Amino acid sequence: MATPHPTEARFPTVPIEAGHYESFYLKACHPAEPLGVWIRYTVHKRPGALPNGSLWVTLFDRSAQGPRAHKQTLPAPAAAGADWISVGDAAMRPGQARGVIDGADWDLSFTAPEPALFHLPRAWMYRAPLPRTKLLSPAPAARFSGTLRVDGRTVVADGWPGVIGHNWGAQHAERWIWLHGLTEAGDWLDAALGKVKLGRLTTPWVASGALSLDGSRHALGGPGRKLSVEEAPDGCDFLLTGKGIRMSGRVEAPRKDFVGWVYADPDGPEHNTVNCSVADMTLRVERDGAPPRELAVAGAAAYELGMRERDHGIPIQPFPDG
């Protein structure tokens with residue numbers, strides 16, 4: 001069977017008895033300042049219940065005291081016509097993301113010059129029960145223009161680099177990390193790492209994603225690939241490998257520049273999730289037959305950590321999930 005379309009919403013066909021979550025999201029950052037936005041359109045469906053939709057908006061500005069965040073939950077999310085997803089009057093569709101909630105509104109256009117990135121290596125893995133979380137990036141190196149207003153502040157984007165992502169599943173990973181960085185030259189990293197709970201056991205870290213250098217993609221992670229992770233709520237050191245490639249790096253930001261959210265699984269358990277979409281990232285890349293490369297993204301990388309602990313010291317936004 002063919003690889004699924006990267007923007008095909010799954011929630012409309014989920015049986016009533018099943019649980020499900022799904023997210024379409026964007027991250028866009030100013031090309032020269034530590035200023036950025038992270039917007040999510042999500043679906044949360046508990047087993048035996050109809051789905052709810054939520055809109056999440058965070059404006060990051062490292063010159064300010066901290067992120068400004070808002071969220072609104074509404075019934076009856078949809079995916080019809082040209083819309084990949086709509087929640088109330090807000091929608092994401094080809095070339096556009098728009099919406100209005102209390103405290104924020106946005107109208108952004110985007111271009112997606114590069115093909116989608118499928119994190120899972122086989123199409124059947126997107127239909128199988130395992131892994132419980134599926135993820136891909138419809139636009140791993142997008143460009144955004146338009147306006148965003150948060151708490152009365154208007155921000156104008158003009159060719160801001162960023163990403164559009166899509167994930168879904170019946171359960172979040174036990175622990176996860178998301179990394180994204182896009183350099184001025186157009187090289188990018190888009191990677192996810194997770195630990196999965198299987199009964200009483202939790203797996204070691206498993207990675208997936210890719211590094212794009214000079215327009216060539218290098219798959220990272222997968223079974224048997226070496227990796228190491230030393231994570232904290234405000235930063236992470238990592239080593240990811242693939243065929244003929246070894247990449248080490250660090251991503252970090254001040255704690256004040258992280259936003260914290262509650263993420264709930266469809267069956268009830270919750271994670272604390274912290275995200276900074278204006279983080280600093282440095283990478284060292286070694287490839288077979290090529291000299292080492294050093295890459296840097298200042299104030300425009302994403303670092304997200306999903307975890308069970310609640311004593312991480314980053315304030316959690318006062319919005320329930322589910």
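# Reading strands, cores and charges in a predicted model

Analyst: Start with strand β12, residues 175-182, which is mostly covered: eight of its eight residues are buried. Bear in mind that this is a predicted model.

User: How should I read the two faces of a strand, and which residues of β12 sit on each side?

Analyst: In a regular strand the side chains alternate between the two faces of the sheet. In β12, one side carries R175, I177, L179 and G181. The other side carries W176, W178, H180 and L182. Both faces are covered, and these residues are all buried.

User: What are the partners of β12 in the sheet, and how many bridges join it to β13?

Analyst: Take β13 to begin with. Eight bridges join β12 to β13, residues 188-195, and the two strands run antiparallel. They form a hairpin with five residues between them. In that turn, G186 has a positive phi of about 95°. Next comes β23. Five bridges join β12 to β23, again with the strands running antiparallel.

User: Which residues stand opposite W178?

Analyst: In β13, A192 stands opposite W178. In β23, E304 does.

User: Now the interior. How do I read a nonpolar core, and how many residues does the largest one have?

Analyst: In soluble globular proteins, nonpolar side chains tend to be buried together. The largest nonpolar core here has 48 residues. Those with the most contacts inside it are I177, L179, L189, L211, F238 and M247. Strand β23, residues 293-307, gives the most to this core, with eight residues. A second, separate core has 33 residues, including A28, L55, W84 and V87.

User: Take one core residue. What is L189 in contact with?

Analyst: Set aside its neighbours within four places in sequence. L189 is then in contact with L179, H180, G181, A210, L211, L220, F238, M247, M281 and L283. L179, H180 and G181 belong to β12.

User: On to charges. What is the general idea, and how many salt bridges are counted?

Analyst: Side chains of opposite charge can pair when their charged atoms come close. The count in this model is 20 salt bridges. One of them involves β12: E231 pairs with R175, with the closest N and O atoms 2.7 Å apart. E231 lies in strand β18, residues 227-232, and R175 in β12, so the pair ties together parts that are 56 residues apart in sequence.

User: Is each partner buried or partly exposed?

Analyst: E231 has a relative accessible area of 24%, so it is partly exposed. R175 is at 16%, so it counts as buried. The cut-off between the two classes is 20%.

User: Which salt bridge links D257, and where are its two ends?

Analyst: D257 forms a salt bridge with R62, with the closest N and O atoms 3.7 Å apart. D257 sits in the loop between β20 and β21, and R62 in the loop between β3 (52-61) and β4 (68-75). The two are 195 residues apart, so the pair links distant parts of the chain.

User: How covered are D257 and R62, and which network includes them?

Analyst: D257 is at 2% relative accessibility, so it counts as buried. R62 is partly exposed, at 21%. Salt bridges that share partners join R62, K256, D257 and D280 into one network.

User: Which residue pairs with R68?

Analyst: D151 does, with the closest N and O atoms 2.7 Å apart. R68 is in strand β4, and D151 is in the loop between β10 (133-150) and β11 (153-169), 83 residues away. Both ends are partly exposed: R68 at 47%, D151 at 37%.

User: What about D265, a buried charge with no salt bridge? Where does it lie, and what does it touch?

Analyst: D265 lies in the loop between β21 (259-264) and β22 (270-287). The nearest side chain of opposite charge, R308, is 4.1 Å away. The salt-bridge limit is 4 Å. Beyond four places in sequence, D265 is in contact with H44, R46, Q171, H172, H271 and R308.

User: And R255: where does it lie, and what does it touch?

Analyst: R255 is in the loop between β20 (245-252) and β21. At 37% relative accessibility, it counts as partly exposed. Not counting residues up to four places away, it touches P233, D234, H312, G313 and I314. R255 and G235 are 20 residues apart in sequence and 9.0 Å apart in space, C-alpha to C-alpha.

Conventions. Residues numbered from 1 in each chain as written. Predicted model: local features only at pLDDT ≥ 70, side-chain atom pairs only at ≥ 80, totals over all residues. Heavy atoms only, no water. Core = buried A, V, L, I, M, F, W, Y, C linked by side-chain atoms within 4.5 Å. Buried < 20%, exposed > 50% of the residue type's maximum accessible area, 1.4 Å probe, protein only. Helix = DSSP H or I, 4+ residues; strand = E, 2+ residues; numbered from the N terminus. Contact = heavy atoms within 4.5 Å. Lys, Arg positive; Asp, Glu negative; His and termini not counted. Pairing = 2+ DSSP bridges.
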